[in-house]
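Subject: Structure handover

Hello,

Here is the structure I promised to pass on. Please open it next to this email and follow along.

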Amino acid sequence: MSIPIGAHVDQTDPIAEAKARRAPLVQFFLGDPQGYKGPEFRYAGGAEGLRADAEAEGIDLYVHAPYIVNVATTNNRIRIPSRKLLQQHVDAAASIGAKGLIVHGGHVNKTDDPAKGYDNWRKAIEATDLKLPLLIENTAGGENAMTRYLERISGVWEAMSSAEGFDQVGFCLDTCHAHAGGNPLETIVDDVRAITGRIDLVHCNDSRDEFDSGADRHANFGAGRIDPDLLASVVRDAGAPVVCETPGGPEEHLADFGWLRERL
C-alpha cells in the first residue's frame, strides 16, 4: 500500500524542497505564520510559476494557514481579522493549485460556552468562499480549544454540517496533537471518522512530551514518546497523504520517511 509521504518545508522554493526529499507532496506557509499581513508568494516565479512548476513536476502542494487564525473566538478583534485572513489564504492557496488549506480549530475564552465557538465555525464556513478543501486540524493544548477533545470536534462538525460550503470541509489528523491532547492513538482514526466521516491528510509527528501533556512539541520518529507501531498504524489506518512536520531538513526528513515506510 503506497501512501504518499512529504514534509512541511520552507516557502521560498517548495519545488526544490520536495525534490531534495524525493517527496511527491509538500506543505508550507504563504507569508508570516504569526502575522495578519496576509499571504505572500516568496517563490521566484510567483503564484503562477509555482502552480505551473508543481504541475510539471507532479508535486502536490498543501498550504498551512497562519497559526493566529481563530474563527471560533467570541472576541471580535480576533475573529473578524481571522475570517478575512482565512479568505485571503483560501484565495492564495487556490491560486497555486493547492490540494488543501490546513487550519487549526482555534478556541473560545475561558468563560464562554463552547457552543458559541461551534456556531462561529458554522458562520465562518458560510462567510468563506471555499475554492479548495479546508482541512481543519486537531490541536494539542488548551481547555477551551475547539478541536483538542473529540466531543468538541463533534460539536464543531455538527454545527458546520448545515453550512453552505460544508462539502469543501475536511479533516487533518495530527498524531502528536492527538497524543498530547489526550486522545488514544489506538482508536483515534475510528473515533475521528465516526465524527467527520473522513480524514484527508495526516500530520505524522512523534511527540516530545507525554500523553495528555497538552504540549505541542514535535519530535523525529523514534525520538519521542509515541509507540512506533502505534504511529505507523495510525498512518496505515487513515490511508491519507502524510505530511511530516518533524525537525530538520532534507536529511532528517528522508530518515523519517524511511523509518515510517519500513513500518508501513
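In which sense do β1 and strand β2 pair, and over how many bridges? They pair in the parallel sense, over two bridges. Strand β1 covers residues 5-8, and β2 covers residues 25-28. One residue to look up is A7, whose bridge partner in β2 is V26. Now trace the chain between these strands. It leaves β1, passes through helix α1 (residues 14-20) and arrives at β2. This β-α-β crossover is right-handed.

Before you go on, please note that this is a predicted model.

Strand β1 also pairs with β10 (residues 242-244). Three bridges join β1 to β10, and these strands run parallel. Here, look for I5, with V242 as its bridge partner in β10. A general point helps when you view strands. In a regular strand, side chains alternate between the two faces of the sheet.

Next, helix α5.

This helix spans residues 150-160. Its buried residues are R152, I153, G155, V156, W157, A159 and M160. What covers them? The cover includes two helices, α4 (114-127) and α7 (188-196). It also includes two strands, β5 (134-137) and β6 (169-174).

E158 lies in α5 too. Is E158 buried or exposed? Its relative accessible area is 60%. The cut-off for exposed is over 50%, so E158 counts as exposed. Then find R122. E158 and R122 are 36 residues apart along the chain. Their C-alpha atoms are separated by 9.0 Å.

Last, the pockets.

Rolling a probe the size of a water molecule over the atoms shows where empty space is left. How much space lies in the largest pocket? About 280 Å³. The largest pocket has 17 lining residues. Nearest its centre lie G106, H107, T139, G141 and A145. The lining divides into six nonpolar, nine polar and two charged residues.

The second largest pocket has a volume of about 230 Å³. Its lining has 15 residues. Which of them lie nearest its centre? They are H8, F29, Y67, H218 and E245. This lining divides into three nonpolar, nine polar and three charged residues. H8 takes you back to the start of this email: β1 is residues 5-8.

I suggest viewing the strands, then α5, then the pockets.

Best wishes

Terms used
Residues are numbered from 1 along each chain as its sequence is written. This is a predicted model: local features need pLDDT of at least 70, side-chain atom pairs count only at pLDDT 80 or more; totals for chains, interfaces and linings use all residues. Side-chain values use heavy atoms; hydrogens and water are left out. Buried means under 20% relative accessible area, exposed over 50%, partly exposed in between (1.4 Å probe, protein chains only). Helices (H or I, at least four residues) and strands (E, at least two) are DSSP runs, numbered from the N terminus. Contact means heavy atoms within 4.5 Å. On a 1 Å grid over the protein atoms alone, a cavity is a set of points where a 1.4 Å probe fits but cannot get out, and a pocket is an open set with protein on both sides within 12 Å along at least five of seven lines; lining residues have an atom within 4 Å of a point. Grid points are joined across faces, edges and corners, and a volume is the space filled by probe spheres set on the points. Ala, Val, Leu, Ile, Met, Phe, Trp, Tyr, Cys and Pro count as nonpolar, Asp, Glu, Lys and Arg as charged, and the others, Gly among them, as polar. Two strands pair if DSSP finds at least two bridges between them. A crossover is right-handed if, with the strands pointing away from the viewer, the path from the first strand over the helix to the second runs clockwise.
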